[in-house]
Amino acid sequence: MSAPLLEVNDLKKHFQLGGGLFRKRAFVYAVDGVSFTIARGETLALVGESGCGKSTVGRAILRLFDITAGQVVLDGRRIDDLPAGTLRPLRRRVQVVFQDPFSSLNPRMRVRDILAEPIRNFGLANSARDLDARIAALMDKVRLPRDAIDRWPHEFSGGQRQRIGIARALAAEPDLIVCDEAVSALDVSVKAQIVNLLQDIQQELGLALLFISHDLAIVEHMTHRVAVMYLGKIVEVAPKRAIFAAPRHPYTKALLSAVPVPEPGAARERIILKGDVPSPITPPKGCRFHTRCPYAFDRCRSEEPALRPTETGHLAACHLHDLPDAQNPMVAM
Ligand code: SF4
């Protein structure tokens with residue numbers, strides 16, 4: 001098996017809060033020991049409720065800030081410790097599509113200039129003619145008319161702006177695109193179009209995608225594997241089909257219970273989690289999910305479960321998998 005394109009090892013990002021001479025320093029444990037890999041040409045969906053730390057993971061990979069601990073390795077080379085002055089090659093290879101297509105494009109730049117900027121910055125065009133050809137090809141790739149390149153961002157719909165955002169990411173010829181809630185702000189029908197577009201582009205170019213989303217219904221249509229985050233930790237990782245057919249973590253099961261089933265007449269038992277997500281400033285001891293888990297038992301309140309393989313090959317962080325199958329509600333489903 002070839003080495004992964006991206007390896008994230010025990011990544012931590014703790015944001016310091018206030019503090020002072022006589023006050024104890026406090027931290028937001030936004031990401032607290034996250035590990036995963038992404039292969040070339042693979043989509044990994046990172047899912048979880050708002051505030052679980054998934055966007056912080058994406059921003060750490062993009063080197064938008066320094067991490068607290070751990071490693072981020074791109075193509076065999078650590079990128080988390082690169083000095084600020086040496087980030088240029090990384091910026092080309094890892095691009096981002098943000099959630100909000102309205103604020104992510106400079107309103108004072110025409111589409112032509114928005115797309116030309118990364119091509120020029122990374123020295124990818126040999127000539128003015130090559131630059132024009134690249135811009136035209138990008139418009140084709142995201143299925144926008146070539147004659148729209150002289151228009152301004154405000155002249156486009158939300159879906160069209162997101163296509164421009166995708167074209168801008170592609171302009172740098174990246175290996176990996178971080179899609180941070182890239183379709184969340186769009187109408188349902190437009191969402192589906194953008195997801196299809198991303199899938200087509202990914203297959204054509206062999207790109208890797210980290211698709212960050214709170215929307216499992218969207219993820220079901222476009223990813224190869226799913227990693228589920230809860231309060232700064234990954235609690236389950238599995239191939240898409242496996243996780244949708246039989247989740248092995250109670251939190252994943254609850255999230256999936258809210259996703260509509262495509263077959264007419266079929267339904268998943270809806271699980272309503274009690275309480276709110278605890279604060280990432282004071283995460284619960286033991287399993288972080290124990291305050292809301294319907295299956296929590298004594299061990300969960302004192303011992304943190306490790307993410308490890310279950311009997312079906314999923315990785316799951318749950319003590320239930322140490323119980324005999326007959327006593328494990330995540331097996332006897
Ligand atoms: Fe629930 Fe315990 Fe498993 Fe955590 S370890 S998910 S609290 S059963």
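# Exercises on a predicted model: sheets, pocket and cavity

The lining of the largest pocket comprises nine nonpolar, two polar and three charged residues. This pocket belongs to a predicted model, and the exercises below start from it.

## Exercise 1. The largest pocket

Determine how much space lies in the largest pocket, and which residues and elements line it.

**Solution.**

Step 1. The space in the largest pocket amounts to about 330 Å³.

Step 2. Its lining has 14 residues, and those closest to the centre are R91, V94, Q95, V96 and F122.

Step 3. Two or more lining residues come from each of helix 2 (88–93), strand 6, helix 3 (111–121) and helix 5 (158–171).

Step 4. By class, the lining divides into nine nonpolar, two polar and three charged residues.

## Exercise 2. From strand 6 to strand 8

Strand 6 contributes to the pocket lining. Establish which residues of strand 6 are buried on each side, and trace the pairing from strand 6 to strand 7 and from strand 7 to strand 8.

**Solution.**

Step 1. Strand 6 (residues 94–97) is covered on both faces. V94 and V96 are buried on one side, and Q95 and V97 are buried on the other.

Step 2. Strand 6 runs parallel to strand 7 (residues 176–180), and four bridges join the two. Within this pairing, V96 stands opposite V178, and V97 has C179 as its bridge partner.

Step 3. In strand 7, five of five residues are buried. L176, V178 and D180 lie on one side, with I177 and C179 on the other.

Step 4. Strand 7 is joined in turn to strand 8 (residues 208–213) by five bridges, again in a parallel arrangement. Here I177 has L209 in strand 8 as its bridge partner.

## Exercise 3. The eight-stranded sheet

Give the strand order of the open sheet of eight strands, and explain why one side of strand 6 and of strand 11 is left without a neighbour in the sheet.

**Solution.**

Step 1. The order is 6-7-8-3-9-10-12-11, and the pairing is mixed.

Step 2. Strand 6 and strand 11 (308–309) occupy the edges; each has a single partner strand, so one side of each lacks a neighbour in the sheet.

Step 3. Strand 3 (residues 43–47) runs parallel to strand 8, and five bridges connect them. One facing pair is L46 and I212 of strand 8.

Step 4. Strand 10 (residues 233–239) contains E236. Because its relative accessible area is 0%, under the 20% limit, E236 counts as buried. The C-alpha atoms of E236 and R308 lie 8.8 Å apart, although 72 residues separate the two in sequence.

## Exercise 4. The four-stranded sheet

State the strand order and pairing sense of the open sheet of four strands, and identify the edge strands.

**Solution.**

Step 1. The order is 2-1-4-5, with antiparallel pairing.

Step 2. Strand 2 (26–38) and strand 5 (77–78) are the edge strands, each pairing on one side only.

Step 3. Two bridges pair strand 5 with strand 4 (residues 69–74) in the antiparallel sense. R77 in strand 5 is the bridge partner of L74.

## Exercise 5. The cavity and its cysteines

Find how many cavities of 30 Å³ or more the structure holds. Then describe the lining of the largest cavity and decide whether C287 is buried or exposed, and likewise whether C318 is buried or exposed.

**Solution.**

Step 1. The structure has one cavity of 30 Å³ or more, and the space in the largest cavity is about 90 Å³.

Step 2. The largest cavity is lined by 15 residues, with C287, C293, C300, C318 and H319 closest to its centre.

Step 3. Twelve of the lining residues are nonpolar, three are polar and none is charged.

Step 4. C287 has a relative accessibility of 13%, under the 20% cut-off, and therefore counts as buried. C318, at 11%, is also buried because its value falls under that limit.

Step 5. The number of disulfides in the structure is zero.

## Exercise 6. Confidence

Report the average pLDDT of the protein, and state where confidence is lowest and where it is highest.

**Solution.**

Step 1. The average pLDDT is 92, and 96% of the residues score at least 70.

Step 2. Confidence is lowest in helix 7 (residues 216–219), with a mean of 88. It is highest in helix 4 (residues 128–141), at 98.

Definitions and conventions:
Residues are numbered from 1 along each chain as its sequence is written. This is a predicted model: local features need pLDDT of at least 70, side-chain atom pairs count only at pLDDT 80 or more; totals for chains, interfaces and linings use all residues. Side-chain values use heavy atoms; hydrogens and water are left out. pLDDT is the predictor's confidence in each residue, from 0 to 100. Buried means under 20% relative accessible area, exposed over 50%, partly exposed in between (1.4 Å probe, protein chains only). Two strands pair if DSSP finds at least two bridges between them. On a 1 Å grid over the protein atoms alone, a cavity is a set of points where a 1.4 Å probe fits but cannot get out, and a pocket is an open set with protein on both sides within 12 Å along at least five of seven lines; lining residues have an atom within 4 Å of a point. Grid points are joined across faces, edges and corners, and a volume is the space filled by probe spheres set on the points. Ala, Val, Leu, Ile, Met, Phe, Trp, Tyr, Cys and Pro count as nonpolar, Asp, Glu, Lys and Arg as charged, and the others, Gly among them, as polar. A disulfide is a pair of cysteine sulfur atoms within 2.5 Å.
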